[in-house]
Amino acid sequence: QPTPLVKLSDYEGPFAKTIGLFARRIENTSVPVPPYQPGRVLCSLSPSGKFRFWIRDSMDPLAIAGALFDASIDMWNDGNKVLAHGAKGYAERAGMQYVAGTTSRFVTDFVLPSAFHEDPRYYRLGRGPAGRRLFHAVTHVFVAHNDNGRHQPNYSELLGTPANAMMNGAWWPGGK
């Protein structure tokens, strides 16, 4: 049984808001540990649940901050010569980064997991040596839980990444 996630209310230090921002992201993408019930399948998430998961993941402040950060890097490196400079160019870059991330998460959090009956969430390993937990985290890229609780290839990651690259490259000004 995994260790319970740290709740924001457990921390009252000077960085409570910052810690809360990151803790909320982890709580949204990790599977909460329900009270033990014999015969309960932990990995069951309906298509509507997967859709709500995508909405929560896309509306997360860190998703927006990531788009703003990526737009800053793109502007700093003059990565897309088609877009303008200044505030208008930055706003365009930030909007496109957010749309690209949201469509990417739509495919990997909702479409492919619904099609292949897999759970897009991460099942953390709360105890054990650091190497074992790191191995567990890395294997999540390749192995997912299906809706019956069994392991299967992580199709949403394995197929979603190239699909998202092609999809976003098709509409991104000047290619991506």
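Which residues in α3 meet which residues in α4? Keep that question open while you get your bearings; the model on your screen is predicted.

**Whole chain**

Show the protein as a cartoon. There are six helices and three strands to find. Followed from the N terminus, the elements run α-α-α-α-β-α-β-β-α. Now colour by burial: of the 176 residues, 31% count as buried. Contacts between residues 24 or more positions apart make up 64% of the contacts with a separation of 6 or more.

**Stop 1: α3 and α4**

Select residues 61-76, which form helix α3, and residues 86-116, which form helix α4. The two helices pack at an angle of about 130°, and their axes are 8 Å apart. That angle makes α3 oblique to α4. Their crossing is right-handed.

Show side chains to settle the opening question. On the α3 side, select A63, I64, A67, L68, D70, A71, S72, D74 and M75. On the α4 side, they meet G86, G89, Y90, R93, A94, Q97, Y98 and R105. Sorted by class, the residues of this contact are nine nonpolar, four polar and four charged.

**Stop 2: S58**

Select S58, in helix α2, which covers residues 47-59. Is S58 buried or exposed? Its relative accessibility is 3%, so S58 counts as buried. Leaving out residues up to four places away in sequence, S58 touches A63, Y98, T102 and R105. Among these, A63 belongs to α3, and Y98 and R105 belong to α4; you selected these three at the previous stop.

**Stop 3: α4 and α6**

Keep α4 selected and add helix α6, residues 155-171. Here the packing angle is about 145°, with the axes 9 Å apart. α4 passes α6 in a right-handed crossing. From α4, the contact uses M96, V99, A100, T103, S104, V107, T108, L112, P113 and F116. From α6, it uses Y155, S156, L159, G160, N164, M167, N168 and W171. By class, the contact of α4 with α6 has 11 nonpolar and seven polar residues, and no charged ones.

**Stop 4: H117**

Select H117, in the loop between α4 and β1. What is the phi of H117? It is positive, about 55°, although H117 is not a glycine. With a relative accessible area of 48%, H117 is partly exposed.

**Stop 5: the sheet**

Select the three strands. They form an open sheet in the order β1-β2-β3, and the pairing is antiparallel. Strands of a sheet pair through backbone hydrogen bonds, either parallel or antiparallel. Why do β1 and β3 each have one side without a neighbour in the sheet? β1 (118-119) and β3 (151-153) stand at the edges and each has a single partner strand, so one side of each is left free of a neighbour.

Zoom in on β2, residues 143-146; three bridges join this strand to β3, and the two run antiparallel. One residue to label is H145, whose bridge partner in β3 is H151.

**Stop 6: R121 and H145**

Leave H145 labelled and select R121, in the loop between β1 and α5 (130-139). R121 has a relative accessible area of 10% and is buried. Draw a distance from C-alpha to C-alpha between R121 and H145: it is 8.8 Å, while in sequence the two are 24 residues apart.

Methods. Residues numbered from 1 in each chain as written. Predicted model: local features only at pLDDT ≥ 70, side-chain atom pairs only at ≥ 80, totals over all residues. Heavy atoms only, no water. Helix = DSSP H or I, 4+ residues; strand = E, 2+ residues; numbered from the N terminus. Buried < 20%, exposed > 50% of the residue type's maximum accessible area, 1.4 Å probe, protein only. Contact = heavy atoms within 4.5 Å. Axes fitted to C-alpha atoms, helices over the stretch in contact; angles between N-to-C directions. Parallel < 35°, antiparallel > 145°, perpendicular 65-115°, else oblique. Left-handed = near helix turned anticlockwise from the far one by under 90°. Nonpolar A, V, L, I, M, F, W, Y, C, P; charged D, E, K, R; others polar. Pairing = 2+ DSSP bridges.
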